[in-house]
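Colleague: I am new to reading protein models, so please pick a single part of this one and take me through it slowly. After that, I would like to see how the surroundings fit in.

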Amino acid sequence: MELSFDYYKNMQDATLYLCNPDRSLLGALYATNRNLTLRFNSLSELTFDVPKYITNTNGGMIEHPYFERVATKRLIKVDKVGWFRITEATETENSTGAIKSVIAESHESIFKDMGFVEENRLYKFY
């Protein structure tokens with residue numbers, strides 16, 4: 001993990017990239033309310049919101065190009081931090097448009113979905 005700071009010792013925001021489960025890049029995400037909880041020897045958690053409409057350089061509102069693609073099982077690459085897997089993406093409506101609230105866990109969470117088959121003749125050593 002490599003974090004960078006500006007002249008006033010404020011941490012610079014890391015870029016979020018939306019990726020497919022095979023780690024192929026879809027594009028950069030504009031996200032608000034970012035919160036990263038790093039836990040060592042456990043699963044880290046990343047939460048953020050993705051608005052449906054964002055402002056462009058002219059001051060007008062345009063639709064976020066990857067809003068519909070934000071879904072569970074997709075990956076988020078946080079620049080200089082690591083990979084996260086989306087576990088929950090809930091969409092809510094408000095006065096300014098729709099917002100997706102995303103909860104992602106570190107990429108090691110894929111091991112929670114995998115299992116193993118135990119044969120009857122196998123002995124467990126306690």
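**A close look at the second largest pocket**

Modeller: Sorted by class, the residues that line the second largest pocket are six nonpolar, five polar and two charged. Please keep in mind that this is a predicted model, and that the pocket's numbers are computed from it. In total, 13 residues make up the lining. If you want to find the middle of the pocket on your screen, look for L38, S44, V81, S106 and E108, which lie nearest its centre. The space inside comes to about 210 Å³. How can a program find such a space? Rolling a probe the size of a water molecule over the atoms shows where empty space is left.

Which strand gives the largest share of the lining? That is strand 8, residues 82-94, with three residues. Strand 8 belongs to a protein with nine strands and zero helices, so the pattern along the sequence reads β-β-β-β-β-β-β-β-β.

Now let us follow L38 outwards. Besides lying near the pocket's centre, L38 joins L36 and F40 in a nonpolar patch on the surface. Together, these three residues have about 310 Å² of accessible area. F40 sits in the loop between strand 3 (32-37) and strand 4 (45-51). Is F40 buried or exposed? Its relative accessibility is 70%, so F40 counts as exposed, because the cut-off for that word is over 50%.

Strand 4, on the far end of that loop, offers a contrast. V50 is found in this strand, and V50 is buried, because its relative accessible area is 0%, while buried means under 20%. The C-alpha atom of V50 lies 8.5 Å from that of V70, although the two are 20 residues apart along the chain. Across the protein, buried residues make up 26% of the 126 residues.

Strand 3, at the other end of the loop, holds N33. Its phi is near 50°, a positive value in a residue other than glycine. N33 is exposed, since its relative accessible area is 57%. R23 also has a positive phi, near 70°, and is likewise not a glycine. You will find R23 in the loop between strand 1 (16-19) and strand 2 (25-29). At 43% relative accessibility, R23 counts as partly exposed.

Definitions and conventions:
Residues numbered from 1 in each chain as written. Predicted model: local features only at pLDDT ≥ 70, side-chain atom pairs only at ≥ 80, totals over all residues. Heavy atoms only, no water. 1 Å grid on protein atoms, 1.4 Å probe; cavity = no way out; pocket = protein on both sides within 12 Å on 5 of 7 lines; lining within 4 Å. Points joined across faces, edges and corners; volume = space filled by probe spheres on them. Helix = DSSP H or I, 4+ residues; strand = E, 2+ residues; numbered from the N terminus. Nonpolar A, V, L, I, M, F, W, Y, C, P; charged D, E, K, R; others polar. Patch = residues over 30% accessible without salt bridge, like charges linked within 9 Å, V, L, I, M, F, W, Y side chains within 5 Å. Areas by Shrake-Rupley, 256 points an atom, 1.4 Å probe, with all protein chains shown as cover. Salt bridge = Lys/Arg side-chain N within 4 Å of Asp/Glu carboxyl O. Buried < 20%, exposed > 50% of the residue type's maximum accessible area, 1.4 Å probe, protein only.
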